[in-house]
Amino acid sequence: MSETSTAVDGTADATVSRRRRHTRERLLDAAFDLFADEGVDATSIEAVCERAGFTRGAFYSNFDNKYALLLALAAREHQRRLHELRSALAVAQAECEQGAGIDVDAMARFLEILLERISDDRRWRVISAELTLLAMRQPEIARHHHDLDRQMTDEVADEIERLMPTLGRRLVLPARQVLRVLAAGYLADLNAADLSGDPQPAARARAEAATWLPTVADRLTIPL
């Protein structure tokens, strides 16, 4: 095969790959909207294809079924939120004074900056809640869901461990246990805010978290 032919084949493969990624992203975007608005069980593959502007053939060339689509969506959203968290941590670290160890007031300011820069998407929380219910009923989904959650937990816990020296603190428990405590409390505030009817549930949850989160975070760490 000539070098020219090889180059042409490589360009064609790259074009196909870009087109496939574009198709996949549009299907995921369509699924996000429909799953959030209508629910997973109420959304058909045909509806996803129609919203995305593709045929069933395009769908099945990317996903085996609707639940594979849901799990791929969860994986994408986890990565997006991890990237967002890393960016928010960088901003919070830059804006907060660092030194031998921050006190509870400085911890409160750090967490305030952090939470303000993490986007609130109530629709994703709705989808995530439905995914959890499906996982509780279907072992195959449960296995994949568990793997995704474990990966996300590990990556966020790693970020917490990397953060501690820059704050002049160290954890009194393993990072994964600290994450479970803080995340469970904040998610409880978010769920309560969602159900309250407040038009700005994220702001309500942040205000509620401000009453306890800094103190708990302070107690779960000690100065270096």
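**Note on the predicted model**

1. The protein chain contains ten helices and two strands. The model is a predicted one, and the remarks below should be read with that in mind. In sequence order the elements of the protein chain run α-α-α-α-α-α-α-β-α-α-α-β. The strands thus appear in this pattern after the run of seven α symbols and again at its end.

2. On overall dimensions, the C-alpha trace of the protein chain extends over about 65 × 50 × 30 Å along its principal axes. The chain has 224 residues, of which 38% are buried. Its exposed surface amounts to about 12700 Å², with 54% of that area supplied by carbon and sulfur atoms.

3. Two further global descriptors deserve mention. Among contacts in the protein chain with a separation of 6 or more, 69% join residues 24 or more positions apart. As for charge, the protein chain carries 29 positive and 36 negative charges, and the mean positions of the two sets lie 2 Å apart.

4. Helix 1 covers residues 3-38 and includes Arg 26. Arg 26 has a relative accessible area of 33% and is therefore classed as partly exposed, since that class lies between the limits of 20% and 50%. Beyond residues up to four places away in sequence, Arg 26 touches Ala 52, Gly 53 and Phe 54. For one of these partners, Gly 53, the C-alpha atom is 8.4 Å from that of Arg 26, across 27 residues of chain.

5. Helix 7, residues 139-167, holds Glu 155. Is this glutamate buried or exposed? With a relative accessible area of 19%, Glu 155 is buried, because the class requires a value under 20%. When residues up to four places away in sequence are set aside, Glu 155 touches Gln 79, Leu 82 and Arg 86.

6. Helix 7 also packs against helix 8, which comprises residues 175-196; the angle is about 105° and the axes are 9 Å apart. The two helices are therefore roughly perpendicular to each other, because that description applies to angles of 65 to 115 degrees. On the helix 7 side the meeting residues are Thr 153, Asp 154, Val 156, Ala 157, Asp 158, Ile 160 and Glu 161. Helix 8 contributes Ala 175, Arg 176 and Leu 179 to this meeting.

7. Helix 8 also contains Ala 188. Its relative accessibility is 42%, so Ala 188 counts as partly exposed. Ala 188 and Ser 128 are separated by 60 residues in sequence and by 14 Å in space, C-alpha to C-alpha.

8. Helix 9 spans residues 201-209, and Ala 205 lies within it. A relative accessible area of 1% makes Ala 205 buried. Which residues does Ala 205 contact, leaving aside its neighbours within four places in sequence? They are Tyr 186, Asp 189, Leu 190 and Ala 193. A C-alpha to C-alpha distance of 8.3 Å separates Ala 205 from Asn 191, and the two are 14 residues apart in sequence.

9. Taken together, the sites discussed include both accessibility classes below the exposed one. Glu 155 is buried at 19%, and Ala 205 is buried at 1%. Arg 26 is partly exposed at 33%, and Ala 188 is partly exposed at 42%.

Methods: Residues numbered from 1 in each chain as written. Predicted model: local features only at pLDDT ≥ 70, side-chain atom pairs only at ≥ 80, totals over all residues. Heavy atoms only, no water. Helix = DSSP H or I, 4+ residues; strand = E, 2+ residues; numbered from the N terminus. Buried < 20%, exposed > 50% of the residue type's maximum accessible area, 1.4 Å probe, protein only. Contact = heavy atoms within 4.5 Å. Areas by Shrake-Rupley, 256 points an atom, 1.4 Å probe, with all protein chains shown as cover. Lys, Arg positive; Asp, Glu negative; His and termini not counted. Charge placed at Lys NZ, Arg CZ, Asp CG, Glu CD. Axes fitted to C-alpha atoms, helices over the stretch in contact; angles between N-to-C directions. Parallel < 35°, antiparallel > 145°, perpendicular 65-115°, else oblique.
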